[in-house]
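Subject: Structure for you to look at, with notes

Dear colleague,

I am passing on the structure we spoke about, and I would be grateful if you could look through it when you have time. My notes follow below it.

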Amino acid sequence: MPNVNKATVMGVLGRNPETKTFPNGGSITAFSVATTEQWKDKTTGERKQLTEWHRITASNKLGEIAQKYLKKGGKVYVEGSLRTRKWKDQSGNEKEVTEIKADVLQLL
């Protein structure tokens, strides 16, 4: 059976994209997208909501497009795959982050 690693997010940008350029000419652009789920509590009838933040990265040309056109508060549709990175900070503490590596971006 084949494996599938696919993530789809449509939401609002929480901050402007930030780009890091590497000596080999490549680049990575990172930004955050918020998705909000709303529902009515069956017991109290109260409206509730839950916001999730998703870290997105886009490489090279796709990252350049994100940097140029995406702005905080704008809506965006993203398709990609989940990636988990691990590293040690300056204090030697292990850190881990899961992010979506974008393959498709669409401004809404």
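The accessible surface of the chain comes to about 7,900 Å², and 49% of this belongs to carbon and sulfur atoms. Please keep in mind throughout that this is a predicted model, and that the values in these notes were computed from it.

Overall form

The chain holds 1 helix and 6 strands, and when it is read along the sequence these elements follow the pattern β-β-β-β-α-β-β. The radius of gyration is 17 Å, whereas the globule rule gives 13 Å for 108 residues, so the chain is more spread out than a compact globule. Along the principal axes, the C-alpha atoms fill a box of roughly 55 × 40 × 35 Å. Of the 108 residues, 29% count as buried. If one takes the contacts in the chain with a separation of 6 or more, 54% of them are between residues 24 or more positions apart. As for charge, there are 19 positive and 12 negative side chains, and the centres of the two sets lie 4 Å apart.

Strand pairing

Strand E5, which covers residues 75–88, pairs with two strands that I would like to describe in turn. With strand E1 (residues 7–13) it runs antiparallel, and 6 bridges join the two; within this pairing, Ala7 has Gly80 of E5 as its bridge partner, and Val9 stands opposite Val78 of E5. With strand E6 (residues 94–107) E5 is again antiparallel, here joined by 13 bridges, and the bridge partner of Glu79 in E6 is Val104. E5 and E6 form a hairpin that has 5 residues between the strands, and Gly92, which lies in the turn, has a positive phi of about 90 degrees.

E1 also pairs with strand E3 (residues 27–40), in the antiparallel sense and over 2 bridges, and in this case Val12 has Ala34 of E3 as its bridge partner.

Two residues to look at

Asn60 lies in helix H1, which covers residues 60–69. Most residues other than glycine have a negative phi. Asn60, however, has a positive phi of about 45 degrees although it is not a glycine. Its relative accessibility is 38%, and since buried means under 20% and exposed means over 50%, Asn60 counts as partly exposed.

Lys95 is placed in strand E6, and with a relative accessible area of 38% this lysine is likewise partly exposed. Which residues does Lys95 contact, once its neighbours within four places in sequence are left aside? They are Arg85, Lys86, Trp87 and Asp89. For Arg85, which is 10 residues from Lys95 along the chain, the separation of the two C-alpha atoms is 8.2 Å.

When you open the model, it may help to begin with the hairpin of E5 and E6, then to follow the pairing of E5 with E1 and of E1 with E3, and to turn to Asn60 in helix H1 after that.

With best wishes

Key
Residues numbered from 1 in each chain as written. Predicted model: local features only at pLDDT ≥ 70, side-chain atom pairs only at ≥ 80, totals over all residues. Heavy atoms only, no water. Helix = DSSP H or I, 4+ residues; strand = E, 2+ residues; numbered from the N terminus. Rg over C-alpha atoms; globule rule 2.2 N^0.38 Å. Buried < 20%, exposed > 50% of the residue type's maximum accessible area, 1.4 Å probe, protein only. Contact = heavy atoms within 4.5 Å. Areas by Shrake-Rupley, 256 points an atom, 1.4 Å probe, with all protein chains shown as cover. Lys, Arg positive; Asp, Glu negative; His and termini not counted. Charge placed at Lys NZ, Arg CZ, Asp CG, Glu CD. Pairing = 2+ DSSP bridges.
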